[in-house]
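Biologist: I'd like a close look at one part of this protein, the buried spot in the loop that leads into the middle of its sheet. Please start with the whole thing and then zoom in.

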Amino acid sequence: MGNIFEDLKSKVSIEDVASTLGYNVNPRAGTRGNYLEMQLFADGEKQDTIVIRKGRNGSTDSYFHRGSGHGGSVIDVIKNLDDAANPF
């Protein structure tokens, strides 16, 4: 059996996790190329923004959180964005 975290990275994308947490792609920032910006809104107000660097496959995707400067892999995004999207 391989490393469970490496398996997760290859099967789940950062974009999918962010979308599940309520983030939406910002089409004004562009949707082609290696980078994708996603934003979280509440009551019509932008609450949060992340930038996803898309690798050749899901296991090499990484993200950068504009507000905190944190970033990392899908493992990090699950840990960090779930706390931000669900503070209670």
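Modeller: Sure! One term before we start: accessible area here comes from the Shrake-Rupley method, using a 1.4 Å probe. Keep in mind that this is a predicted model. By that method the protein exposes about 5900 Å², and carbon and sulfur atoms supply 48% of that area. Of its 88 residues, 28% are buried.

Now the layout. There are three helices and five strands, and reading along the sequence you meet them as α-α-β-β-β-β-β-α. The five strands make an open sheet, ordered S1-S2-S3-S4-S5, with antiparallel pairing. S1 and S5 (71–72) stand at the edges with a single partner strand each, so one side of each has no neighbour in the sheet. Further in, S2 and S3 pair in the antiparallel sense over eight bridges.

Here's your spot: Asn26, which is found in the loop between S1 (24–25) and S2. Is Asn26 buried or exposed? It counts as buried, because its relative accessibility is 11% and the cut-off for buried is under 20%. What does Asn26 touch, then, once residues up to four places away in sequence are set aside? The answer is Glu37, Met38 and Gln39. With Glu37 there is also a polar contact, side chain to side chain, at 2.6 Å.

Follow those neighbours and you get to the rest of the protein. Strand S2 covers 35–42, and Gln39 stands opposite Thr49 in S3. Met38 takes you to the largest nonpolar core, which has 13 residues; Met38 is among those with the most contacts inside it, along with Ile14, Tyr23, Ile50, Ile52, Tyr63 and Val77. The elements giving two or more residues to this core are helix H2 (14–20), strands S2 and S3 (45–53), and helix H3 (74–85).

One last stop in that core is Tyr63. Leaving aside neighbours within four places in sequence, its contacts include Ile14, Ile50, Ile52 and Val77, which are also on the list of core residues with the most contacts. Tyr63 also touches others, including His70, Asp76 and Asn80. For the whole protein, among contacts with a separation of 6 or more, 33% join residues 24 or more positions apart.

So, back at your spot: Asn26 is a buried loop residue whose side chain makes a polar contact with the side chain of Glu37, and Asn26 also touches Met38 and Gln39.

Notes:
Residues numbered from 1 in each chain as written. Predicted model: local features only at pLDDT ≥ 70, side-chain atom pairs only at ≥ 80, totals over all residues. Heavy atoms only, no water. Helix = DSSP H or I, 4+ residues; strand = E, 2+ residues; numbered from the N terminus. Buried < 20%, exposed > 50% of the residue type's maximum accessible area, 1.4 Å probe, protein only. Contact = heavy atoms within 4.5 Å. Core = buried A, V, L, I, M, F, W, Y, C linked by side-chain atoms within 4.5 Å. Polar contact = N/O pair within 3.5 Å; in protein donor to acceptor, adjacent residues only side chain to side chain. Pairing = 2+ DSSP bridges.
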